[in-house]
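This report describes how two chains of a protein model meet. The sequence and structure are shown first, and the contact between the chains is then set out.

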Amino acid sequence: MDGEELTEQETALYDRQIRVWGADAQRRLSKSHILVCGLKGTVAEFCKNIVLAGVGSVTLVDDRVVTDESLPANFLILPHENHYNGKTLAEVCCDSLKEFNPMVHVAVETVPLQVVNLFLLGGPAGDISTFGVEFFEKFDAVIISCCSLGKKVLFQKLINQKCRKLSKRVAFYTVECRGSCGEMFVDLQDYKYSKKKLEETIECQIEYPSFEEAISVPWRALPRRVSKLYFAMRVIEQFEDVEGRNPGETSIADRLGVLKLRKELCETNSLDESQIPDALLERLLTDTREFPPVCAIIGGILGQEVIKAISGKGDPLKNFFFFDAMDGKGLIEDISGPSTRS
Amino acid sequence: MSSEEQLSAIKGAKVLMVGAGGIGCELLKTLALSGFQDIHIIDMDTIEVSNLNRQFLFRQSHVGQSKAKVARDVVLRFRPNISITPYHANVKESRFNVDFYKEFDVVLNGLDNLDARRHVNRLCLAADVPLVESGTTGFLGQVTVHLKGKTECYECQPKPAPKTYPVCTITSTPSKFVHCIVWAKDLLFAKLFGDKNLENDLNVRSSDATNLSEHSEDVFECRKGEDIEQYGRRIYDHVFGHNIEVALSNEETWKNRNRPRPIYSKDVFPDKLTKENGKTEKGSATDDVSAMASLGLKNPQDIWSLAENSRVFYESLRLFFLKRQKEIGNLTFDKDDQLAVEFVTAAANIRASSFGIPLHSLFEAKGIAGNIVHAVATTNAIIAGLIVIEAIKVLKKDSNSYRMTYCLEHPSKKLLLMPVEPYEPNKSCYVCSETPLSLEVNTHHSKLRDFVEKIVKAKLGMNFPVIMSGASIIYEIGEDLEEDMVAIYAANLERALSELPSPVISGTVLTIEDLQQEFSCRINIKHREEFDEEREPDGMLLSGWVEAPVDKNNNNSIGNGESTSSALSMEEIQEGEKDVEIQETSESAENVTGKKRKLSEVSKGTIPDHSGLPDESSRNQNQLEKPDVDDEDDELIISNDWESLTKKKRL
């Protein structure tokens, strides 16, 4: 890591960002390997950002075939039949991403047929949750944007667990955008870094809960002012899981079902139902397509977080980030149990 | 947010983007993806390598081409059926007049300089078109919305002016590295390689002529039979040796300051130089001419020693004369001119060494000399997303939901993206509220030329002013002026204000208009005899005009060039405050109107009592600590524009 200088080409290309985070951070970025699963609009934005930043490699997983549906929020797909006919999302995005920075290695990971999990036959994404732990060891950061058929929570938990089993720290992120809203989750396990305050260098340490631990924190144990979006997303997520839907495959027809689920969850968690407003749930049910400005915002925040975690520079956020275009706030929530609460 | 109404508002909208750079590329992409179908984009720049880390629409193969045009071509590849009209032009051109702006439903700025922003602001006001402004620097960014009569215009709030330094600090008493850079760039480089006829504060008298005798010669003129090494040593000795000795001879100056030490070439290089440059003739291609390459210095992040800096000084000087002779006399400093950057870095470092100021690497020096804005793709992407969200609100005329949004590097009360309601217009804003200004000036000494250059153009930002006193036009700049008028105006420039055909004296009210910007303002003239040379070197004081003071060395005439991309000033960031957060300071902005109200208060018809200047310190501190209200619809109204919390509005 030390001693290897940036090439002249890198110095020229990365000049403006080296002035932000320094040459050391740039070097670390150039040696990093990122795994990305689920190429929706927000993730496309994120990939663009890290490719421009100059990571070592980006590995894409998304075996879904490109259709007209995939086009709207994803600028990496050129709408010419010839361009995408028969190709998977990962393949098409790979080609586009390479153009942004020839120094970054962009590749597609396909899931060999024999490991396709029965659950997912006919499902959209290759199930890397069945991959062994050693597959994930190659990477420094793993980003998941779920498209698994009705198994979003399980899928995310499984992958997160694998990341945590390794001796090496693999950063784990999930992201989902629906209409005006976006949610991002971060797990850096036991993260140590240093920063300069005034003239001295201080050592910092943050302990992150796993995804499973975080969403298991009883709602009544959370601080009063926690974003309503957190709860609403959990209700919708669980609804989709139970009903076997893809993320985003909901409509206003599901309103009653969702409200019923909310009632149950609130009772179990001793949370007042007014903490999860009807209007918010309705928006999340009906406004499910990705909204490009929100993709850009979440993709940007996610990009910054991954760059921070890899370069070891800057305070990473812990552990959820929410954005709602309705009120314009982009806020951080610390959803952790008492042992990892900051 | 997405509904039929919204979609049709977007589809039918005609949008103008000004700037196709960092923010522009992200913005154009997001607009296209969001369903906008008629986008116009103005940008005068061409693509450079350093853009490619974030202006993702551009490729290596595009370097040198027009940003506006390439951006359009690339976006059309993923949205072929929309209309994007590029203009490879300067937004200040006269064809972009009020009628041009009136065609648009909203204007979106992605600019990198204050001047152009002010210009666009005025045109949007004149055309009554909503403007969404934005800026980014590193991890910080902001988006603001401006609607004539409803919100503040872009110029209602103080914007930091480009930083300038006192002449004497640059020529005699530098204390910071940036002072050395300005000296090296604007004085030494300009003198050696630029237009020799330009005024220059550098002392050029040789040691033989300490008084202004007829035989004094310009040291910088090459002498007969002198070779480049001799010339180089002579220049070196003059600026780093002789000039320092001259400065030292004035005891007063050094009473409370550290004395500099003179440096002579014989002390750094007792032997001939040419022997050491074994690789001098390597790489004879003119575009690769570089002192670093020639000397084997590989890393621009290294901090060179005095000896190394001196070698770079000589070598770059030598290479200019050897390989770029033709350009000498016409050169201006360009941050992308490697040899120029090397020369300026070396010269600044040697001077710094002399004054005990820490030396800097070429990388750092280049950033300072070139006013380079540090920039990353992610911030631009976030800001672009926020711009589109505001643009859509504007198109839907959803005025209650307009927000100014700040993108912070460190969260404030859990917020990384902080929305704030816009304020109503500043009643003292001379741009949108037509408040008259006052100018104190010595009407017998100051010439019209000073007034035009320093006040009308520089401070008021007018490009084509017409200056009138009562019914007479004293001066104007424009196309198609009659020859005799041009002659009269030229003559007027050289006259003192009180000696103009239509005398300008105490009590005169001047009206100044810029017809292109459709902007006019009045200035009340007050005669004053004395001006402090240090603090008011221009000999003029403009008031009623809201300016953010940068530091105590404010009124000065040597600058370091244009300030940078966003209203978040580079100075704030350079001055050690890496986290430019909301400052809880008691020195908060004096609320000039005393009645700044948020839009929501206005529309509800309530007028909170801010009469008499509020106790700003407690008010702001209270606002900053105000807890979230127990209301699910609450708007998080944190505070006033956080920048202005740190600035005083000078009246």
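## The interface between chain A and chain B

In this predicted model, strand β10 of chain A (residues 329-333) is joined to β9(B) by two bridges, and the two strands run antiparallel. Within this pairing, Gly330(A) has Leu417(B) of β9(B) as its bridge partner.

The contact between the chains extends over 56 residues of chain A and 58 residues of chain B. Together the two chains bury about 5000 Å², and carbon and sulfur atoms account for 62% of that area.

Polar interactions also link the chains. Four salt bridges are counted between chain B and chain A. In one salt bridge, the side chain of Lys414(B) meets that of Glu333(A), with an N to O distance of 2.9 Å. Between the chains, 13 residue pairs are in polar contact, both residues having pLDDT 80 or more.

On the side of chain B that touches chain A, the elements that each give two or more residues are tabulated below.

| Element of chain B | Residues |
|---|---|
| α2(B) | 22-33 |
| α3(B) | 67-78 |
| α13(B) | 362-369 |
| α14(B) | 377-395 |
| β8(B) | 404-412 |
| β9(B) | 415-420 |

Which element gives the most to the side of chain B that touches chain A? That element is α14(B), with 10 residues. By residue class, the side of chain B that touches chain A comprises 28 nonpolar, 16 polar and 14 charged residues.

Key:
Residues are numbered from 1 along each chain as its sequence is written. Chains are lettered from A and ligands numbered from 1 in the order in which they are written. This is a predicted model: local features need pLDDT of at least 70, side-chain atom pairs count only at pLDDT 80 or more; totals for chains, interfaces and linings use all residues. Side-chain values use heavy atoms; hydrogens and water are left out. Contact means heavy atoms within 4.5 Å. Buried area is the accessible area (1.4 Å probe) that two parts lose on being put together, summed over both. A polar contact is a pair of N or O atoms within 3.5 Å; within protein, one must be able to donate a hydrogen and the other to accept it, and residues adjacent in sequence count only if both atoms are side-chain atoms. Helices (H or I, at least four residues) and strands (E, at least two) are DSSP runs, numbered from the N terminus. Ala, Val, Leu, Ile, Met, Phe, Trp, Tyr, Cys and Pro count as nonpolar, Asp, Glu, Lys and Arg as charged, and the others, Gly among them, as polar. Two strands pair if DSSP finds at least two bridges between them.
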